[in-house]
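Reader: I am new to this structure and should like to understand the terms used to describe it. Please set out the reasoning behind each one.

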Amino acid sequence: YDNPGDFWLEETFLTTTYSDKVILELCSYYSLTEITEKSKAFEAKVSNILGSMPHGLSEFDRELYLHDYLLDNCSYDNESANAITSNQDHNHSAFTSYGALVEGKAVCQGYTNALSYLLSCVRIENTSVSDVSQNENHIWNTVKINGNWYYVDSTWDDNAYDDAGVAYKYDYFNLTTNQLQVDHIIGKTYSQLSADEITGGDDGLGCNFNIFIPECNSTEQNYYVQKGAYLTGFTNEDDNQMGQELLNAVQNGEEYFHIYVDQNYLDYSYAVEHLFDPYVYNYQYYVDVANGSLSDCQLDYSASIVKKEKLSVITVKLEYV
């Protein structure tokens, strides 16, 4: 976990007792020649990724850049995932940072290791946490941004789509524990388990556990808080500001318009009603504001929306006439 760039290591190992010492021998999937060749390819790829990253980015934007690179250049390896589930031979590299970054195919462990390694390269503290999500064994990252810890699950961000097949991309970007636990189970740490639970005792297999689980209770660096249109009310000033935010989304070529409802000011259900109820329909006003500055295209008043109450977000799919 501490060295996700060491992609050649097996998870099994050998031990030998000598005098009062226990000697631990790590095992490799590859020969020394293969390790040398693959390491060169891995280091070249990482150097290219980091060299293409703009200078002077904040911690949040460095994390976002690396997250987006991974999603744009890696796809989920269903074949390897199915093979491991059925105890068949599988592609080892799909479970590694090498598979995710060099081969562009990985399962959750590969996504997690790749993001962890890249984050470490740009001095962002992080670790990984595992247990279950969507009824499958799963692993994902935690990151420390501006002094607070957050969960980020790049695997599910790369596999969440609307009915039209367009990826959402950011529903698992910097979540709190409460937000994550809607569809993730966070495993116990080793300190919460007995020795027999960890080792399996004399007869069984040990259970999975985590080394460190940070407290994740801040929403400040959540993607939608940072990048979404921030809704706090329905005054004329609020409406004009939201209209300008909608215009910016169109001019930036966005397919979606994300509205973050600050529940310190507005109840979520109340906000949805006022935005899209046909008798109130504040969203229509936002469209009027945006269309007043658009010449090449015009937004349609109709809108298909996705309510993400756990994130306090309303996602609008932009439609044009």
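Author: A salt bridge requires a side-chain nitrogen of Lys or Arg within 4 Å of a carboxyl oxygen of Asp or Glu. The model discussed here is predicted, and by this rule the count comes to six salt bridges.

Reader: What makes K227 and D61 a salt bridge?

Author: The closest N and O atoms of K227 and D61 are 3.8 Å apart. The cut-off is 4 Å, so the pair qualifies as a salt bridge. K227 belongs to helix α9 (residues 223-227) and D61 to helix α2 (residues 59-73), so the pair ties together parts that are 166 residues apart in sequence.

Reader: Why does K227 count as partly exposed?

Author: Partly exposed covers the range between under 20%, which is buried, and over 50%, which is exposed. K227 has a relative accessibility of 45% and therefore counts as partly exposed. For D61 the value is 25%, so D61 also counts as partly exposed.

Reader: How do you know that K308 forms a salt bridge with D171?

Author: The closest N and O atoms of K308 and D171 are 2.9 Å apart. Because the rule asks for a distance within 4 Å, this pair is a salt bridge. The pair links distant parts of the chain, with K308 in strand β12 (residues 304-308) and D171 in the loop between α6 (154-157) and β8 (173-175), 137 residues apart.

Reader: Are K308 and D171 buried or exposed?

Author: Buried means under 20% relative accessible area. K308 has 7%, so K308 is buried. D171 has 11% and therefore counts as buried.

Reader: Why are helices α1 and α2 called oblique to each other?

Author: The axes of helix α1 (residues 32-51) and α2 cross at roughly 130° and come within 11 Å. Angles over 145 degrees count as roughly antiparallel and those from 65 to 115 as roughly perpendicular. An angle of roughly 130° falls in neither range, so α1 and α2 are oblique. Their crossing is right-handed.

Reader: Which residues make the contact of α1 with α2?

Author: K45, I49 and L50 of α1 meet Y65, L66 and Y69 of α2. By class, the contact has five nonpolar, no polar and one charged residues. Lys counts as charged, while Ile, Leu and Tyr count as nonpolar.

Notes: Residues numbered from 1 in each chain as written. Predicted model: local features only at pLDDT ≥ 70, side-chain atom pairs only at ≥ 80, totals over all residues. Heavy atoms only, no water. Helix = DSSP H or I, 4+ residues; strand = E, 2+ residues; numbered from the N terminus. Buried < 20%, exposed > 50% of the residue type's maximum accessible area, 1.4 Å probe, protein only. Axes fitted to C-alpha atoms, helices over the stretch in contact; angles between N-to-C directions. Parallel < 35°, antiparallel > 145°, perpendicular 65-115°, else oblique. Left-handed = near helix turned anticlockwise from the far one by under 90°. Contact = heavy atoms within 4.5 Å.
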